[in-house]
Amino acid sequence: MYADIIIDISHEQLDKTFQYRVPKHLEGCIELGMMVRVPFGNGNRQIFGYVIELGSEAKYDPEKIKEIISIAEEKVHAVKRIIKLAAWLKHQYGSTMNQALKTVIPVKEKVRQKEKKTVALAVTSDEAVLYLETFAKKNARARYRLLEALIRDNVIGFDVIKNKLNITMQTVTALQEMGIITVKTEQILRNPVKNAEVTGRLFKLNEEQQKIADEIKSDYDSGLRKTYLVHGITGSGKTEVYMEIIEHVIMQGKQVIMLIPEIALTFQTVQRFYRRFGNSVSIMNSRMSKGERYDQFLRAMKGEINIMIGPRSALFTPFSNIGLIVIDEEHEGAYKSEQTPKYHAVDTANYIAKESNASVILGSATPSVESYYRACNGEYKLFTMANRAGSGQLPVVYTADLREELKEGNRSIFSRKLQELICDRLKKKQQIMLFLNKRGYAGFISCRSCGHVMKCPHCDVSLTAHRNGRLVCHYCGYEEPVVHNCPKCGSKYISGFRAGTQQVEEMVKRMFPQARTLRMDMDTTSGKEGHEKILAAFANEAADILIGTQMIVKGHDFPNVTLVGILAADMSLYAGDYKASEKTFQLLTQAAGRAGRAGGGGEVVIQTYTPEHYSIAAAASQDYKMFYEQEIAYRKLLLYPPVQNMMTISLSSGNEGALEEAAKAANILVKAEAGKDRLFVIGPANASIYKINDVYSKVIYVRADNYDKLTDIMEKIEKYILGNTLFKNVGVQFDFNN
Ligand code: ADP
Ligand code: ZN
Ligand code: ZN
C-alpha cells in the first residue's frame, strides 16, 4: 500500500506529490486527506504532509520509497470532499496545491480545547452526612465546606469550588482519594451564538415572498437542483425568504451554508437566524479566536450544527451533506479572494453545489452584471422583488449637476440643493450622511466645465495621471502627455479630482459651524474596534453628520438618517477598470438606500459632473434594468466579462530589469499559445500601481470565450516558469474575470 503525499511547505518547487509506503500497522488507518509525519530529504528530516491519493502500485523503485512515520493526530484531517475541492481551486484559479489546501482547511493546527471540570458525590447522601460529622469533629473546615455544598447541589463546577467556596486542589484530591467524590472532565465546544430566545417565525410571508419560497421548495422536492438569483430591493424581505427555504432543507436532514459579507455580519442579522433556528446555527468571522473557529469546524463535522453563517471562507465548512448554499449581497467585492488562489465565492459555491447535489440561492438589490447575465441566459432562475416588505418607503433622489453649479458661480463642494437640505435637517435634529465615493480612485483627469474625462482610445477605460506628467492606460500601456485645456470644450478647469474626507469635514465645519461631525475613513478607523466605535457613536446620535468613504454605506441602519449626500458620484466611475460603472451604480444605490430606513421617507442628493452617464442616471431613478441594459451593451462591444472570460497574468519583482525580461518572455509564450485559438491578448502594461514597497508589477490580459482555454494557457505558463532562471526573482500570479 502506497500513499501520495503533498509536503506541507509553502514552496513552489515542492508543489508535487511524493510517494511513501504505508507501514503494515497503519494499513486501514490511513485515509485520504489525513495529515501524516514523513521523513523528507537527504537528512530524513521529519515533516508533515497530506495524503491525497492511495494505491497499491509503486511509482518508482520500491526499495527507494520511504515509509510514513505516523499519523499526525494533533492536526485536523481534511475530508475527502475538501481535498477534491482544493484540487479544483488549484486548477480553476491557479495556485500551488499547498496554497489551495491552506484555503480550504481553515484552521490547521488543533487548538487546545476548553474543558469543564466538575465534582460530584461518589457516596450516598446518608454516608456523606456521616463524613460531614467526622470533618466537623476534626475541625477540617475546607473539607466540611466542600462536602456540605455537594450534599446540597450534587454536582459543582471547579470554578465555583475555587472562587466561591475558596477550596484548594489539595482538598479536592484528598476527598477524591477517600472515595467520597469523583472528578469529571468534559470537553466543551465554544458556541459563539448566545442568549437568544427561539421564537420561530415572526410573521407570515407576503405574497411575493411566498411565491418565491414555494417555487424553490417545490423544485427542491422534485429533485431539481439549480442556482437561483433573487433580485430584490433592499428591505423587500429576501432574508425571510432564505430562512423559509433553509428551514425546508434542514428538515430533510441536510446542511446549509449562508454567506453574508463580513461587514454586514452584524449582531442583528445573526440574532434573526438564531431566533429562528436556535442552537443548530453557528457563525464564523475573522474576529473569532483560532480556538473558537476550530470548534465551529468540529461542531459542523460532528453534525451538532446544520447552518453555518459566515463570510466567503464559510464555504469550506466540512459538512457532510450540504443541501443549500445561500449567498446574500452576491455582488459584493468581498466574495472574491485577494489571495492566491483568487477564487470567487459564487463560482465556487456553484461547483460545491454540483458536487454535493445542492442548490444555490444568490440574492442582491444590485446583482452583479455577471450573475444577471447568466440569469438572462437561463443559466440561473431569476426572481424579482420590487416592493418593501416592512414599513419603509423608498427615498426621493435629486441629482445636482456640478457643471451648472460652477456656471452659477458656486465653487464649493456642496450644491445648493444639498446645502439647503443640510440646513433643514440640522434644524429638525435629524441625521445626515455625506458619502465620498473613493473606491478604486485612480487619479483620472476630468473637466469641471463639461464633464469630459480623458480615456484610452483603445480600451475605453479612463487614463490615470502619473507623477511624470503622463496619462497612462493600465490595460494596454497607451500613454499621452497630460492636458492643460479640455480637448472638448477648451476650458482650463481640467484636472485631477482632489477631495478627501478630511477636506470635506473642514468644509462642513466652516459652512455649518453648529453641526457635530464624525469622520470615518482609513485614518480614523485604525485599530480593531475603530469602526464600531464611530458607528456606535453615530447610532447614539452623538453627531449630526457622518462623513465617510464606502465604509459608511454598507449594512448599517441608522433610523434617524433622513438625508444622504453623495458628494462626487463620478469619482469611482473612472477607476480605470472595466467594472468601474458597475461598482459606481452599486455604491450609489446602496448609499441612497441608507436614507429614510425607518419609514419616514428620506432624501438623497447625488452630485455629479455627468448626470447623463447611465450609472448615475439609473441609480438616481433606482432602475436596475436600465443600468444593466447599457452596461451589458458596453461589455458586449468590448468583449469584457461576462461576455468573454478574462485572465490577468501579473508579474512582479523587486528587480525592474528582471521583470522586463520575464514579462517579454511570458508575453511571447502567451501570444504563441493564444494565437493557436485566435485569442485576444493585451499588454504587457504596467500595473495600475506600478511600484508598491519597491516591488514592480506588470500585467498581461488574455480573453477567451471558453474559460478552459485560459486555464490551459495558465498551466503552460506554470510549467514554463518552473525552474526557468528568467523567473528566479519574478513572481507570477493569475486572476480570472476580475
Ligand atoms: P432584505 O433582506 O431584502 O433587505 P429583510 O428580510 O431584512 O429584507 O426584511 C426587511 C424588513 O421587513 C425587516 O425588518 C423584516 O423584519 C420585515 N419583513 C420582512 N418580511 C416581512 C413580512 N412578510 N411581513 C412583515 N414584515 C416583514
Ligand atoms: Zn470640457
Ligand atoms: Zn488601453
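How far is an oxygen atom of ligand 1 from an N or O atom in the side chain of Arg-272? In this model, which is predicted, the distance is 2.8 Å.

Allow me to begin with the surroundings of that ligand. There are 16 residues around ligand 1, and those that come nearest are Lys-204, Gln-209, Lys-238, Thr-239 and Arg-272. Besides the pair at Arg-272, two further polar pairs deserve mention. An N or O atom in the side chain of Thr-239 lies 2.7 Å from an oxygen atom of ligand 1. At Lys-204 the partner belongs to the backbone: a polar atom there is 2.9 Å from a nitrogen atom of the ligand. Ligand 1 on its own would expose 550 Å², of which the protein buries 72%.

As to the character of this shell, its residues comprise 8 polar, 4 charged and 4 nonpolar ones. Which element gives the most to the shell? That is helix 8, running over residues 238-250, with 3 residues.

I turn now to a pair of helices later in the chain. Helix 20, residues 656-676, packs against helix 21, residues 707-721, at an angle of about 145 degrees. Their axes are 10 Å apart, and the crossing is right-handed. On the side of helix 20, the contact is made by Ala-665, Leu-669, Val-670, Glu-673 and Ala-674. Helix 21 contributes Ile-713, Lys-716, Ile-717 and Tyr-720. Sorted by class, this contact holds 7 nonpolar residues and 2 charged ones, with no polar residue.

My last topic is the backbone in three loops. As a general matter, most peptide bonds are trans, and most residues other than glycine have a negative phi. Against that background, please look at the bond joining Thr-340 and Pro-341, which is cis, with omega about -5 degrees. Pro-341 sits in the loop between strand 13 (322-328) and helix 11 (345-356).

A cis bond also leads from Pro-641 to Pro-642, and here omega is near 5 degrees. The loop that holds Pro-642 runs between helix 19 (624-638) and strand 27 (645-653).

Finally, where is Glu-541 found? This residue is in the loop between helix 16 (530-539) and strand 24 (545-548). Glu-541 is not a glycine, yet its phi is positive, at about 60 degrees.

To close, I would return to the ligand, where the side chains of Thr-239 and Arg-272 each place an N or O atom by an oxygen atom of ligand 1, at 2.7 Å and 2.8 Å respectively.

Conventions. Residues numbered from 1 in each chain as written. Chains lettered and ligands numbered in written order. Predicted model: local features only at pLDDT ≥ 70, side-chain atom pairs only at ≥ 80, totals over all residues. Heavy atoms only, no water. Axes fitted to C-alpha atoms, helices over the stretch in contact; angles between N-to-C directions. Helix = DSSP H or I, 4+ residues; strand = E, 2+ residues; numbered from the N terminus. Left-handed = near helix turned anticlockwise from the far one by under 90°. Contact = heavy atoms within 4.5 Å. Nonpolar A, V, L, I, M, F, W, Y, C, P; charged D, E, K, R; others polar. Near = heavy atom within 4 Å. Polar contact = N/O pair within 3.5 Å; in protein donor to acceptor, adjacent residues only side chain to side chain. Areas by Shrake-Rupley, 256 points an atom, 1.4 Å probe, with all protein chains shown as cover.
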